[in-house]
Amino acid sequence: MTKALTAATTSDHRTDVTANATTVGIHTPCRPESADEAELEAAIKRLGIEYPVMSDPEGEAWQFYGAAGYPTRYLFNGDFRLADVHEGEGAYDETERAIQ
């Protein structure tokens with residue numbers, strides 16, 4: 001089976017044992033007030049997010065992967081190579097097919 005590492009939005013969170021997929025969030029603030037670590041932690045708790053969320057206040061991951069919009073979803077294959085990208089909401093069926 002292929003491993004998938006997904007940087008995803010909260011609406012697309014899941015852990016699929018059959019596909020051996022893991023969700024990891026990366027928070028890149030779009031405005032100064034959303035860069036506050038305490039605010040990020042509070043939002044994670046308020047939204048009930050149970051998967052790991054990395055803080056990227058300088059936008060390094062955003063720049064590295066060339067993100068152009070919020071949210072952006074990345075799927076990585078078992079070799080941790082970028083396999084698929086989707087920008088914006090939706091594409092849940094396409095994401096499911098890409099994971100399988």
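1. Phenylalanine 80 is exposed, with a relative accessible area of 55%. The cut-off for that label is over 50%, so the 55% of phenylalanine 80 qualifies. This residue sits in the loop between β4 and β5 (82–87). Its phi is near 60°, a positive value in a residue other than glycine. Most residues other than glycine have a negative phi. This is a predicted model, and the backbone angle of phenylalanine 80 should be read as part of that prediction.

2. Alanine 91 also has phi near 60°, again a positive value in a residue other than glycine. Its place is in the loop between β5 and α3 (92–99). Is alanine 91 buried or exposed? At 18% relative accessibility, alanine 91 counts as buried. The limit for burial is under 20%, so alanine 91 falls inside it at 18%.

3. The peptide bond from tyrosine 70 to proline 71 is cis. Its omega is near -20°. Most peptide bonds are trans. Proline 71 belongs to the loop between α2 (60–65) and β4 (72–76). Tyrosine 70 is partly exposed, at a relative accessible area of 45%.

4. Now the aromatic residues. The structure holds five aromatic pairs. One of them joins tryptophan 62 and tyrosine 70. The ring centres are 4.7 Å apart, and the planes make an angle of 35°, a tilted arrangement. Tryptophan 62 is partly exposed, with a relative accessible area of 24%. The buried class requires under 20%, so tryptophan 62 at 24% does not enter it. Its partner tyrosine 70, at 45%, is likewise partly exposed.

5. Tyrosine 74 and phenylalanine 76 make another tilted pair, with 6.5 Å centre to centre and 40° between the planes. Which accessibility does each partner have? Tyrosine 74 is buried at 7%. Phenylalanine 76 is buried at 9%. Both residues belong to one aromatic cluster, together with Phe64 and Tyr65.

6. Isoleucine 49 lies in the loop between α1 and β3 (53–55). It is buried, with a relative accessible area of 17%. Burial means under 20%, so isoleucine 49 meets the condition at 17%. What separates the C-alpha atoms of isoleucine 49 and glycine 25? The distance is 9.3 Å, for residues 24 apart along the chain.

7. On the overall fold, the chain has three helices and five strands. Along the sequence they follow the pattern β-β-α-β-α-β-β-α. Among contacts between residues at least 6 apart in sequence, 47% join residues at least 24 apart. Buried residues make up 33% of the 100 residues. The accessible surface comes to about 6,600 Å², and 52% of it belongs to carbon and sulfur atoms.

8. On confidence, the mean pLDDT of the chain is 76, and 79% of its residues reach 70 or more. Confidence is highest in helix α1 (residues 37–47), at a mean of 89. It is lowest in strand β1 (residues 4–7), at a mean of 35. Over residues 1–13 the pLDDT is below 50. Beyond near neighbours in sequence, that stretch still has 48 contacts in the model.

Conventions: Residues are numbered from 1 along each chain as its sequence is written. This is a predicted model: local features need pLDDT of at least 70, side-chain atom pairs count only at pLDDT 80 or more; totals for chains, interfaces and linings use all residues. Side-chain values use heavy atoms; hydrogens and water are left out. Helices (H or I, at least four residues) and strands (E, at least two) are DSSP runs, numbered from the N terminus. Buried means under 20% relative accessible area, exposed over 50%, partly exposed in between (1.4 Å probe, protein chains only). Contact means heavy atoms within 4.5 Å. Accessible areas come from the Shrake-Rupley method with a 1.4 Å probe; for residues, only the protein chains shown count as cover. pLDDT is the predictor's confidence in each residue, from 0 to 100. Rings of Phe, Tyr and Trp (its six-membered ring) pair if their centres lie within 6.5 Å; planes under 30 degrees apart count as stacked, over 60 as edge-to-face and the rest as tilted.
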